[in-house]
Amino acid sequence: MGPGGGGRYGMEPPMPSYGNGSRAGYQERGFQGRGGGGYPVERGDYGQSYQDPYGMQSPSALSSAMTGGPVVMVYNMDPEKMNCERLFNLLCLYGNVVKVKFMKTKPGCAMAEMADALAVERAITNLSNIEFFGKTIQLGFSKQMYIAPPPVVGDLSDGTPAFKDFSSSRNNRFSTVESAAKNRIQQPSKVLHFFNSHPESDIERIRQVFVTCGAVEPLNIKMFEGKSNEYQKGERSRTGLAEFPDKAKAIEALILCNHTPMQNPNGRFPYTFKLCFSNSMHAQ
């Protein structure tokens, strides 16, 4: 059974059903399982495995997760630079994101409904007091148990909607036991792990993905080799590490570039470039 539902993760509340979560035009290449894939375990240990979610929590954290709800409050973001998609890009590393809503009366403040309270606890534990875009954010449990879609959805300063439903997003990474087990719960760091990039990607192409999205240029990029220790044309995707000047710049790069489509001239659909934090000290 998946997270929730009394099986392997029986202490968690039931997870909403997302259907197949398909989104036409975006391909999940190179991984087992087609829904909400994580990154390959065999590439190395990039943090705490989700396979034992309670093993990474302190008793006090578990108590908070069991008494808290599935909605997290995020405070003190830069309202000119954050939107629903960008907040999703960050929160999706810690659990499935159902809905995101930015508060009209509190610029820089948002609510995010996660799949369960433990996902909220993971986000709070790993993201509270991190700095990006010149702001130090705070996270906490909301008293609300869900986010109701507003009757009228307004726009943020960048023209994007202030509310978005992500329940069917293919980019959620915890939708099945198999996809959840591929994730590593890792605190933000200055090194990012990228995966699901186009199989013909090289260092320059990865660099351009970050620069084109508005992130700073990585200091170093390391491409992981295939199992034969050399690039094979038959590989379905490429993966590696990107090191940034500091943790804040890496967080900004992840927020801006996670889930960027990479053009695929020889195929029908683009690749979806995905990012997470690494516990590697450097990309070398």
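1. The largest nonpolar core has 58 residues, and Phe102, Phe132 and Phe210 touch the most other members. Helix α6 (residues 247-257) gives this core its largest share, seven residues. The model is a predicted one. Apart from this core lies another, of six residues. Met73, Cys109, Met111 and Ile147 are among its members. In soluble globular proteins, nonpolar side chains tend to be buried together.

2. Phe102 deserves a separate look. Leaving aside neighbours within four places in sequence, Phe102 is in contact with Met77, Met82, Asn83, Cys84, Leu87, Cys109, Ala110, Leu156 and Ala162. Cys109 is thus listed among the contacts of Phe102, and Cys109 is also one of the residues of the six-residue core.

3. Overall figures come next. The protein has 284 residues, and 54% of them count as buried. Its secondary structure comes to six helices and 14 strands. Take the contacts with a separation of 6 or more: residues 24 or more positions apart account for 76% of them. The exposed surface is about 12,600 Å², with 50% supplied by carbon and sulfur atoms.

4. One open sheet has five strands in the order β7-β2-β4-β3-β8, with antiparallel pairing. Its edges are β7 (138-141) and β8 (163-165). Each edge strand has a single partner, so one side of each is left without a neighbour in the sheet. Neighbouring strands are turned by 20° against each other on average, direction ignored.

5. Two helices pack on this sheet. Helix α2 (residues 84-91) touches β2, β3 (97-102), β4, β7 and β8. The direction of α2 makes about 135° with that of β3. Helix α3 (residues 117-127) touches β2, β4 and β7. The direction of α3 makes about 155° with that of β7.

6. Now strand β4. Strand β2 (residues 71-75) and strand β4 (residues 110-114) run antiparallel, joined by four bridges. Met73 stands opposite Met111 of β4. Strands β3 and β4 are also antiparallel, with five bridges between them. Here Val100 stands opposite Ala112.

7. How many of the five residues of β4 are buried? Five of the five are, and β4 is mostly covered. Ala110, Ala112 and Met114 point one way from the strand, while Met111 and Glu113 point the other way. That fits a general pattern: in a regular strand the side chains alternate between the two faces of the sheet. Glu113 is among the buried residues here.

8. Another open sheet of five strands has the order β11-β12-β10-β14-β13, again with antiparallel pairing. Strands β11 (220-223) and β13 (260-262) stand at the edges. Each has a single partner strand, so one side of each lacks a neighbour in the sheet. The average turn between neighbouring strands is 30°, direction ignored. Four bridges pair β11 with strand β12 (residues 238-243) in the antiparallel sense. In that pairing, Lys222 stands opposite Leu241 of β12. Helix α6 lies across β10 (191-197), β13 and β14 (271-277), running at about 155° to β14.

9. Which residues of helix α5 (residues 203-212) are buried? They are Ile206, Arg207, Val209 and Phe210. These residues cover an arc of only 155° around the axis, which puts them on the same side of α5. The buried residues of α5 pack against β10, β11, β12, α6, β13 and β14. Phe210 is also one of the three residues that touch the most other members of the largest core. Just after α5, Gly214 takes a positive phi of about 100°.

10. Two residues call for a check of the backbone. Most residues other than glycine have a negative phi. Phe133 has a positive phi, near 50°. Phe133 lies in the loop between β5 (131-132) and β6 (135-136). His259 is not a glycine either, and its phi is positive at about 70°. His259 sits in the loop between α6 and β13.

11. Are these two loop residues buried or exposed? Phe133 has 13% relative accessibility, so it counts as buried, the cut-off being under 20%. His259 has 8% relative accessibility and therefore counts as buried too.

Notes:
Residues are numbered from 1 along each chain as its sequence is written. This is a predicted model: local features need pLDDT of at least 70, side-chain atom pairs count only at pLDDT 80 or more; totals for chains, interfaces and linings use all residues. Side-chain values use heavy atoms; hydrogens and water are left out. A nonpolar core is a set of buried Ala, Val, Leu, Ile, Met, Phe, Trp, Tyr and Cys residues joined through side-chain atoms within 4.5 Å. Buried means under 20% relative accessible area, exposed over 50%, partly exposed in between (1.4 Å probe, protein chains only). Contact means heavy atoms within 4.5 Å. Two strands pair if DSSP finds at least two bridges between them. Axes are lines fitted to C-alpha atoms, for helices over the stretch in contact, and angles run from 0 to 180 degrees between N-to-C directions. The arc is that of the directions from the helix axis to the C-beta atoms. Accessible areas come from the Shrake-Rupley method with a 1.4 Å probe; for residues, only the protein chains shown count as cover.
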